[in-house]
Amino acid sequence: MFEGVEFVNKEFFWLLLALPLAIVWYIFKNQKQTAELKISTLKGFKLTSSLLPKLKHGLFILRLLALALLITALARPQSVDVSTKTKTTRGIDIVMAIDVSASMLAKDLSPNRLEALKKVASEFIKGRPNDRIGLVEYAGESYTKTPITSDKAIVLRSLSSIKYNNIIEGGTAIGMGLATSVNRLKDSKAKSKVIILLTDGVNNSGFIDPKIASELAVEYGIKVYTIGLGTNGMALSPVAIDPRTGDFQYARIQVEIDEVLLKEIANVTGGKYFRATNNKKLEEIYEEINKLEKTDVEEFKFYNYDEKYRPLVILAGILLLIELLLRNTVFRSFV
């Protein structure tokens, strides 16, 4: 009966302690009101048996039940139906600019830099349901892999299909990758516009200076988080292609990342620079960016209260009415 019911005024249940006291008082009073007559014999008296004298105690039980129901009603039982509605404000538009040069196949991250990035980036995308995300690829030149969209399935498919290819001109054109990303976001109406620029090298290609691209980002109110990807020291990296098999040949070479440039881009645009030297560090970086860039989501809760005390009061009233009628009719001679 009371499943899913809450009592607003639970303190009234302390009044139930009065019921045992009432029972003790009734027993004591009933003994006092019973008259005794001592005689030597019952011969000459006609004995008759009647249930009415015994049933008269039912009147007191009815009154106790009515009192218990009234106390429960005073505790104010009610059920609460809660409905929730969420409202998302204008979210964040994010472009992930990914370096796809041959050096991203280096094996200082497992299984290589590019695959490690794709795994971490996919989890980041899944954790941004209220935002629009786009992808930009760059090496010696850059192009838009996926325009900003709220369809995460499309973005995830595009991300999984990213791989090194020799169609894009070789090299690392950080300025062009950044400029292409800015171009995707410049007309965005989002409350916040963010670029996550990842590279594992130095700017050695392209015809757009990274500093000019960062100034464009500032002009359009775009924040840039930069990530330098690669271990400290030497890394097993591709250095040539075997002409017989077409596979890369690897050698240990010095990791060179233009951290000064990446820090400058981040500082000028109001972002932050990170260095990812291994898989775990890369995951932590994306988790931190995820915390730094939060979309405002308002949650509205609507409460519908259904008061349950009325049936208890009505039932208590019926019991008292029955008790009153019986007391003045059937049990009139006994009470």
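# Briefing on a predicted protein model

On the surface, Ile314, Leu315, Ile318 and Ile322 come together as a nonpolar patch, and their combined accessible area is about 350 Å². The model is predicted, and its secondary structure comprises 10 helices and 11 strands. Of its 335 residues, 39% count as buried, while the protein exposes about 19800 Å², with carbon and sulfur atoms supplying 56% of that area. Among contacts between residues at least 6 apart in sequence, 81% join residues at least 24 apart.

**Surface patch**

- Ile322, one of the patch members, belongs to helix H10, which covers residues 309-328.
- Ile322 counts as partly exposed because its relative accessible area is 36%.

**Nonpolar cores**

- In soluble globular proteins, nonpolar side chains tend to be buried together.
- The largest nonpolar core holds 32 residues, of which Met96, Ile227, Leu282 and Tyr286 touch the most other members.
- At least two residues of this core come from each of S3, H4, strand S4 (132-138), helix H5 (152-160), strand S6 (192-199), strand S7 (222-229), strand S10 (273-276) and helix H9 (279-292), and H4 gives the most, with seven residues.
- Leaving out residues up to four places away in sequence, Tyr286 touches Met96, Leu117, Val120, Phe124, Ile196, Leu198 and Ile227.
- Another core, of 24 residues, lies apart from the one just described, and includes Val182, Ile222, Val224 and Leu261.

**Salt bridges**

- Across the whole structure, a search finds 16 salt bridges.
- One of them joins the side chains of Arg128 and Asp131, at 2.8 Å from N to O, and both Arg128 and Asp131 are buried.
- Another joins the side chains of Lys223 and Glu293, at 3.0 Å from N to O, and this pair links distant parts of the chain, with Lys223 in strand S7 and Glu293 in the loop between H9 and strand S11 (297-307), 70 residues apart.
- The two partners sit in unlike surroundings by the accessibility criterion, since Lys223 is partly exposed at a relative accessible area of 26%, whereas Glu293 is buried at 5%.
- Glu288 forms a salt bridge with Lys272 in which the closest N and O atoms are 2.6 Å apart; Glu288 lies in helix H9 and Lys272 in the loop between helix H8 (259-269) and S10, so the pair ties together parts 16 residues apart in sequence.
- Glu288 is partly exposed, with a relative accessible area of 30%, and Lys272 is also partly exposed, with a value of 36%.
- Asp108, Arg113 and Asp200 are joined into one network by salt bridges that share partners.

**Ser101 and its surroundings**

- Ser101 is placed in the loop between strand S3 (92-99) and helix H4 (113-126), and counts as buried because its relative accessible area is 7%.
- The side chain of Ser101 makes a polar contact, at 2.8 Å, with the side chain of Asp99.
- Setting aside neighbours within four places in sequence, Ser101 is in contact with Tyr138, Ala139, Tyr164, Gly171, Thr172 and Asp200.

**Backbone geometry**

- Most residues other than glycine have a negative phi, and most peptide bonds are trans.
- The peptide bond from Ser110 to Pro111 is cis, with omega near -10 degrees, and Pro111 lies in the loop between S3 and H4.
- Arg76, although not a glycine, has a positive phi of about 55 degrees; Arg76 is found in the loop between helix H3 (57-74) and strand S2 (77-88), and is partly exposed, with a relative accessible area of 34%.

Technical notes. Residues numbered from 1 in each chain as written. Predicted model: local features only at pLDDT ≥ 70, side-chain atom pairs only at ≥ 80, totals over all residues. Heavy atoms only, no water. Helix = DSSP H or I, 4+ residues; strand = E, 2+ residues; numbered from the N terminus. Buried < 20%, exposed > 50% of the residue type's maximum accessible area, 1.4 Å probe, protein only. Polar contact = N/O pair within 3.5 Å; in protein donor to acceptor, adjacent residues only side chain to side chain. Contact = heavy atoms within 4.5 Å. Patch = residues over 30% accessible without salt bridge, like charges linked within 9 Å, V, L, I, M, F, W, Y side chains within 5 Å. Areas by Shrake-Rupley, 256 points an atom, 1.4 Å probe, with all protein chains shown as cover. Salt bridge = Lys/Arg side-chain N within 4 Å of Asp/Glu carboxyl O. Core = buried A, V, L, I, M, F, W, Y, C linked by side-chain atoms within 4.5 Å.
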